[in-house]
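Please examine the chain shown below. The paragraphs that follow lead from one residue to the surface around it and then to the chain as a whole.

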Amino acid sequence: MPELNCYYYIGVGERGDEMRNLSKRVSRWFSVESESGVTAIEYGLIASLIAVAIIVAVTLVGTNLAGLFTYIAGKVVAP
């Protein structure tokens with residue numbers, strides 16, 4: 001059985017340095033000083049609100065349209 005290096009598992013060493021560097025880069029990207037992360041989140045929220053509005057509109061129009069076609073079909077008589 002290979003010997004386990006406990007430092008590897010608690011994040012000390014080369015792998016721990018990589019994870020710290022990654023977390024620093026991610027925190028810099030989402031920081032308040034960086035407007036790109038904030039702007040991306042705002043655009044995402046706007047896109048999701050537009051998507052919800054489209055879904056609601058299509059659902060309402062589809063329901064009303066189905067009712068209209070049912071009404072017309074009831075008024076049409078076969079010759």
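**From F69 to the whole chain**

F69 counts as exposed because its relative accessibility is 52%, and the cut-off for that class is over 50%. The model in which this value was computed is a predicted one. F69 lies in helix α3, which spans residues 35-75.

F69 also takes part in a nonpolar patch on the surface, together with V61, L65, L68, Y71, I72 and V76. The area of this patch is about 690 Å².

The wider setting is a chain with three helices and zero strands. Read from the N terminus, its elements follow the order α-α-α. Of the 79 residues in the chain, 4% are buried. The accessible surface of the chain amounts to about 7200 Å², and carbon and sulfur atoms account for 70% of that surface.

Confidence varies among the elements. Helix α3, the element that holds F69, has the highest mean pLDDT, at 87, whereas helix α1 (residues 6-9) has the lowest, at 49. For the chain, the mean pLDDT is 76, with 68% of the residues reaching 70 or more.

Key:
Residues are numbered from 1 along each chain as its sequence is written. This is a predicted model: local features need pLDDT of at least 70, side-chain atom pairs count only at pLDDT 80 or more; totals for chains, interfaces and linings use all residues. Side-chain values use heavy atoms; hydrogens and water are left out. Patches are made of residues with over 30% relative accessible area and no salt bridge: like charges are joined within 9 Å, nonpolar side chains (Val, Leu, Ile, Met, Phe, Trp, Tyr) within 5 Å. Accessible areas come from the Shrake-Rupley method with a 1.4 Å probe; for residues, only the protein chains shown count as cover. A salt bridge is a side-chain nitrogen of Lys or Arg within 4 Å of a carboxyl oxygen of Asp or Glu. Helices (H or I, at least four residues) and strands (E, at least two) are DSSP runs, numbered from the N terminus. Buried means under 20% relative accessible area, exposed over 50%, partly exposed in between (1.4 Å probe, protein chains only). pLDDT is the predictor's confidence in each residue, from 0 to 100.
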